[in-house]
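Trainee: Could you take me on a close look at one part of this protein, the packing around its core? I'd like one connected explanation, please.

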Amino acid sequence: QIEDSIREIPRVVPVTTFDEDIVEDLNLTACPYFSLLDNGLYSSRFEKQREENANGYLWTYTCVGPTYPYPTFHLDGSLTGIRMLTYMQYNYDIAGSLYWNVCFAQRKDNNTDMYDIDVWTDPLTWGMGACDGRLSYPGTRYGIIGPITTQRLEELSASFDDYEYFALIENKLGSRNSTVTQLSNTMHFSEFFSGTQLTLNSSNPSDFATYRRNLLNYIDSLY
């Protein structure tokens, strides 16, 4: 029974560039950059694999790439963009999101090995991608035993709450498509993203907060 359960764990494979071998393999779950789903041909291939795959899942992956205008956890990215990532995932029926690290404290430049850095003064990880793989910081500098969180991690955590709200709506409306339509109208998706790209208005947190209050009021009316 344990062996059967282990065999059912999806083999999730990150995809940073389109790979024909991956989309032809029906024994794995593709986990592409969100930017790859912005390409109609690539998106249809991933969707075809998802439909034919035994588990029917599609995940997304982010690390040093993609960069803005796609959702990112980079220090110079948009906090509202992090919140909208969950909405975009639900919109595209994404089952999971893979992120490679949350407390990375090293750096690698071109033609160098990994070396330790002071994470409080050096934001780069791979010579690019500000604070990639770093959503928390060591608290020892300030006499804290344990990690110090970041606004980026707080927004990511809050986005998980939002996903729970989607489930509440879907439970009442009866389908994911109906829920997506309601979310799109209430949250004004077009103001925040187009396809898998964030739009300029995604930097306005006050609009997001207003629309989210409207969404909570809608949920309250359902129950």
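Mentor: Happy to; here is a walk through the core, a helix pair beside it and a few residues in loops.

This is a predicted model, where local features need pLDDT of at least 70 and side-chain atom pairs count only at pLDDT 80 or more, while totals for chains, interfaces and linings use all residues. Residues are numbered from 1 along each chain as its sequence is written, and side-chain values use heavy atoms, with hydrogens and water left out.

Let's begin with the core. A nonpolar core here is a set of buried Ala, Val, Leu, Ile, Met, Phe, Trp, Tyr and Cys residues joined through side-chain atoms within 4.5 Å. Buried means under 20% relative accessible area, exposed means over 50%, and partly exposed is in between (1.4 Å probe, protein chains only). The largest such core has 41 residues, and Phe46, Met84 and Tyr87 touch the most other members. At least two residues each come from strand 1, helix 2 (20-24), strand 2, helix 4 (79-91), helix 5 (151-173), helix 6 (176-187) and helix 7 (205-222); helices (H or I, at least four residues) and strands (E, at least two) are DSSP runs, numbered from the N terminus. Helix 4 contributes the most, with six residues. As background, nonpolar side chains in soluble globular proteins tend to be buried together.

Strand 1 (residues 12-15) shows two faces: Val13 and Val15 are covered, whereas Val12 and Pro14 are not. Strand 1 runs parallel to strand 2 (residues 29-32), joined by four bridges; two strands pair if DSSP finds at least two bridges between them. Within this pair, valine 13 sits opposite alanine 30.

Now follow Tyr87. Setting aside residues up to four places away in sequence, tyrosine 87 touches Asp162, Phe166, Met187, Phe189, Phe193, Phe208, Arg212 and Leu215, a contact being heavy atoms within 4.5 Å. One of these partners, arginine 212, lies in helix 7. Is arginine 212 buried or exposed? Arginine 212 counts as buried, because its relative accessibility is 19%. With the same sequence neighbours left out, arginine 212 touches Arg83, Tyr87, Asp162, Tyr165 and Met187.

Tyr87 also belongs to the contact between helix 4 and helix 6, along with Tyr90 and Asn91 of helix 4 and Arg176, Thr179, Val180, Leu183 and Met187 of helix 6. By class, this contact has five nonpolar, two polar and one charged residues; Ala, Val, Leu, Ile, Met, Phe, Trp, Tyr, Cys and Pro count as nonpolar, Asp, Glu, Lys and Arg as charged, and the others, Gly among them, as polar. The axes of the two helices come within 10 Å and cross at roughly 145 degrees, the axes being lines fitted to C-alpha atoms over the stretch in contact, with angles from 0 to 180 degrees between N-to-C directions.

Glutamate 170 is found in helix 5. Glutamate 170 is partly exposed, because its relative accessible area is 28%. Beyond its neighbours within four places in sequence, glutamate 170 is in contact with Tyr90, Ser175, Arg176 and Thr179.

Finally, a loop residue: glycine 127 lies between strand 6 (115-116) and strand 7 (136-138). Glycine 127 is partly exposed, at 38% relative accessible area. Glycine 127 and lysine 108 are 19 residues apart in sequence, with their C-alpha atoms 6.4 Å apart. Apart from neighbours within four places in sequence, glycine 127 is in contact with Arg107, Lys108 and Asp109.
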